[in-house]
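Subject: Structure for you to look at

Hello,

Here is the structure I promised to pass on. Please open it alongside this note; my findings follow below.

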Amino acid sequence: MKFGIHSFQEAGFDIIALQDLETGTQVEIIPSFGALLHAFKVKHSTGALNLIDSYKDLNDLEANLRTSFKSVKLSPYACRMKDAQYTWEGKSYSIRKTLAPGNAIHGLLYDVPFTVTAQQADDQQASVTLTHHFRETDDAGYPFAYDCIATFTLRAANELQLSTTLVNQSGVTIPVMDGWHPYFSTGTPADELVLTFASKEIVEFNEKLLPTGKVLPYTEFVAGKLLKGVELDNSFVLDLTKPQPLATIHDPKKNINIAFYPENSYPILQIYIPPHRTSIAVENLSGAPDAFNNGIGLVQLAAGESRIFTTRIQVSL
């Protein structure tokens, strides 16, 4: 068997790992906190390299998860929601799970436990499926039951597929948005990296980093751009007609490429460079921030309906 799965405890975490037994590539997931992608370890000429900027231990996670949201599942909405409020089918709702009154961000599942519901390994791949059943009583601001089913699949050539299935368990149509929030690091400062992505438009933000509802032409990173001095906390509309990958991080110093292959279910790319500039958040999203209010990419899921959102990340050395 070329691929394997094993579970272990480390730094206070219960971790499930997908392994390529031939190359040593390993993907680590923490189910108990938002189906968190904890590590993507590859062998490099400089030694073993973890390309995910995660938390060093449980204390670090508990202190910083709700400010960084590194590598967690974003559902049933992502990014900021204006005043933590929205209107759906003529009724107004206020999200209860907020960082502060009126400050809702990154959904309702970022710190909840997921349960391992399936795992499989063979000569072609290793995969694990994690499930969270959200109940209509979990948050009065989102009184809609649904299942969030996240599957991680490791394949040859350092390819990781992230696939999420949302299943509406309510008796009514519900609004949903899906996304991931991984931070990537090669160990090289962001200022020395080159970012490329096939955007055609940028989502216009106001001073509070909320969309105005407009999108503007934008192709600045189509040919690639060195990130030295560049500040980003923006959403871009991908040009899904372009050849894949639709985004890459290139480290010319270590000759590492991290490529992103979102399917049509993820038309929005959010890029964030934190102030420390040692990692970059590259977020595949199904809609724009505040989609529950502006409708940009908002998915309406009918009673009993399911929707799948998929992206792939491939590392070449």
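I started with one residue, I268. Its relative accessible area is 3%. The cut-off for buried is under 20%, so I268 counts as buried. Bear in mind that this is a predicted model.

Where does I268 sit in the secondary structure? It belongs to strand 25, which covers residues 268–272.

Its surroundings come from two stretches of sequence, once neighbours within four places are set aside. I268 touches S235, F236 and V237. It also touches E283, N284, L285, G287 and A288. For G287 there is a distance as well: its C-alpha atom is 5.9 Å from that of I268, with the two positions 19 residues apart along the chain.

Now the whole chain. It has 28 strands and two helices. The radius of gyration is 19 Å, and the globule rule gives 20 Å for 317 residues, so the chain is as compact as a globular protein of that length. Along the principal axes, the C-alpha atoms fill a box of roughly 60 × 40 × 40 Å.

Of the 317 residues, 55% are buried; I268 is one of the buried residues. Among contacts with a separation of 6 or more, 63% join residues 24 or more positions apart.

Last, the surface and the charges. The accessible surface is about 13000 Å², and carbon and sulfur atoms hold 49% of that. There are 34 negative side chains and 25 positive ones. The centres of the two sets lie 3 Å apart.

Best wishes

Terms used. Residues are numbered from 1 along each chain as its sequence is written. This is a predicted model: local features need pLDDT of at least 70, side-chain atom pairs count only at pLDDT 80 or more; totals for chains, interfaces and linings use all residues. Side-chain values use heavy atoms; hydrogens and water are left out. Helices (H or I, at least four residues) and strands (E, at least two) are DSSP runs, numbered from the N terminus. The radius of gyration is taken over C-alpha atoms; the globule rule is 2.2 Å times the number of residues to the power 0.38. Buried means under 20% relative accessible area, exposed over 50%, partly exposed in between (1.4 Å probe, protein chains only). Contact means heavy atoms within 4.5 Å. Accessible areas come from the Shrake-Rupley method with a 1.4 Å probe; for residues, only the protein chains shown count as cover. Lys and Arg count as positive and Asp and Glu as negative; His and the chain ends are not counted. The place of a charge is taken as NZ of Lys, CZ of Arg, CG of Asp or CD of Glu.
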